[in-house]
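Please read the following explanation with the sequence and the structure side by side, going from single elements to the whole chain.

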Amino acid sequence: MERIELLRGDWPSYKANLHCHTTCSDGRLTPQQVKDHYKAHGYSVIAFTDHNVLVDHSDLNDPDFLALTGIEVDTDSFVYGRKYEFNQTCHLCAIARDPAAAVPVYRAESYTPEAIAAKVEEFHQNGYIVNYNHPAWSCESGEEFLHYGNYDGMEIYNYSAEVATNNGCSQNEYALALRLLRRPIRCIAADDNHEGRNCEDDSCGGWVVFKAPELSYRTIIESYDRMQFYASTGPEIHQCCIEDGVLKLDCSPVRRIHIMAQGINPMLCEYSDACQLTHAELRLDSIRPDTRYLWVQITDGAGRKAWMNPWFLPGK
Ligand SMILES: [Zn+2]
Ligand SMILES: [Zn+2]
């Protein structure tokens, strides 16, 4: 029996916010207050990604909480000369693979795809994971983010942008990148919380859930690399695998389950008026032979979504 684990149901779940601000930049809460707030809401992992400053918060670690060392760098078209009539910006969250070895790397020198792609490469060479943030909020399009190099992940959902400017969902931008870049891009939902910017509370609205054998810096980074996590604004995904040529999904009760590929038509679309769908299966021999990847998405009765990472079929 051949089995490919897309999301391991036999490993514990660790809820994480991979994009967070504190009093180290323009957030309202101290790092300790952020930890306390998120732990009280069931989180195990926070990537501290203050603006343009790298701070190691390993002192916050305890057996049930892990602080990831990160930084958010911004390169702004307004600062470097307007490209268009309106301002645009590129924000990257970089997370150190080894906090003890993290070397500070700062923003790109100019708002050009070449400079930003070089910055992504510089982060990689210095041992960082790079997530490309909130494209809808940034007013960026494929003209920009298709040319930003080999970033590892992209925010499909940013809760702070949703409450502050009503454009937190970047599903269209993410789908475009996946379709045209033809490589796995990790699918990230995050808060980008500042806790108090003349809008409602922007914490605990978008997250990822890691599956890992235990909670440690190494195992969480490995789960990121192996895409053993999903992104969510509400629903839970319990497990997902390919078993004997059938994709199998188990989740919390939802209204819709979609499995999309690179084209218009879903590979699978199921719904329940009573919002009681908890399982779906898709036979791989039933899909078009030119399918490059399968991308599972679920939607609950309140319209909240969860997204698996895309699974690229072998050889595609
Ligand atoms: Zn940002
Ligand atoms: Zn931010």
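In this predicted model, a good place to begin is helix α2, which covers residues 113-125. At 1.5 Å a residue, its 13 residues should span 18 Å, and its end C-alpha atoms are indeed 18 Å apart, so the expected and the computed span agree. Within α2 the residues Ile116, Lys119, Val120 and Phe123 are buried, and seen down the helix axis these buried residues fall within an arc of 100°, so they line one face of the helix. The general geometry helps in reading this pattern: an α-helix has 3.6 residues a turn, so residues three or four places apart point the same way. The face of α2 turned away from the buried side carries Glu114 and Gln125, which are exposed. What do the buried residues of α2 pack against? Their partners are the strands β4 (66-76), β5 (89-96) and β6. Just after the helix comes Gly127, which takes a positive phi of about 85°.

Helix α6, made of residues 217-225, can be read in a similar manner, and its buried residues are Ile220, Ser223 and Tyr224. Viewed down the axis of α6, the buried residues fall within an arc of 105°, so they line one face of this helix. On the other side of α6, Arg218 and Asp225 are exposed. The helix is followed by Met227, whose phi is positive, near 60°.

Positive phi values deserve a further look, because most residues other than glycine have a negative phi. Arg182 is a residue other than glycine with a positive phi, near 55°, and it is found in the loop between α5 and β8. With 13 other C-beta atoms within 10 Å, Arg182 is partly exposed, because a residue counts as buried only at 20 or more such atoms and as exposed at 12 or fewer. Cys204 likewise has a positive phi without being glycine, with a value near 65°, and its place is in the loop between β8 and β9 (207-211). Cys204 is partly exposed, with 17 other C-beta atoms within 10 Å.

Another cysteine, Cys139, lies in the loop between β6 (128-132) and α3 (142-145). Is Cys139 buried, exposed or partly exposed? It is partly exposed, with 15 other C-beta atoms within 10 Å. The C-alpha atoms of Cys139 and Cys90 are separated by 9.0 Å, while the two residues are 49 residues apart along the chain.

A pairing of residues distant in sequence can also be followed from strand β12, residues 246-254, where Val246 is found. Val246 is partly exposed, with 13 other C-beta atoms within 10 Å. Computed along the sequence it is 37 residues from Arg283, yet in space the two are 4.4 Å apart, C-alpha to C-alpha. Once its neighbours within four places in sequence are left aside, Val246 is in contact with Glu281, Leu282, Arg283 and Leu284.

From these single places the view can widen to the domains. The domain assignment of the protein chain gives domain 1 (12-232) and domain 2 (237-312), and 26 Å separate their centres, taken over C-alpha atoms. The contact between them takes eleven residues from domain 1 and nine residues from domain 2. On the side of domain 1 that touches domain 2, α5 (171-181), β8 (186-190) and β10 (229-232) each supply at least two residues. Which of the elements gives the most to this side of domain 1? That is β10, with three residues. The residues of this side of domain 1 divide into seven nonpolar, one polar and three charged.

Taken as a whole, the protein chain has six helices and 18 strands. Its radius of gyration is 19 Å, close to the 20 Å that the globule rule gives for 316 residues, so the chain is as compact as a globular protein of that length. Along its principal axes the C-alpha trace spans about 50 × 45 × 35 Å. Buried residues make up 46% of the 316 residues, and among contacts between residues at least 6 apart in sequence, 62% join residues at least 24 apart.

Conventions. Residues numbered from 1 in each chain as written. Chains lettered and ligands numbered in written order. Predicted model: local features only at pLDDT ≥ 70, side-chain atom pairs only at ≥ 80, totals over all residues. Helix = DSSP H or I, 4+ residues; strand = E, 2+ residues; numbered from the N terminus. Rg over C-alpha atoms; globule rule 2.2 N^0.38 Å. Contact = placed C-beta atoms within 7 Å. Arc of directions from axis to C-beta. Domains from an automatic or database assignment. Nonpolar A, V, L, I, M, F, W, Y, C, P; charged D, E, K, R; others polar. Expected span 1.5 Å × (residues − 1).
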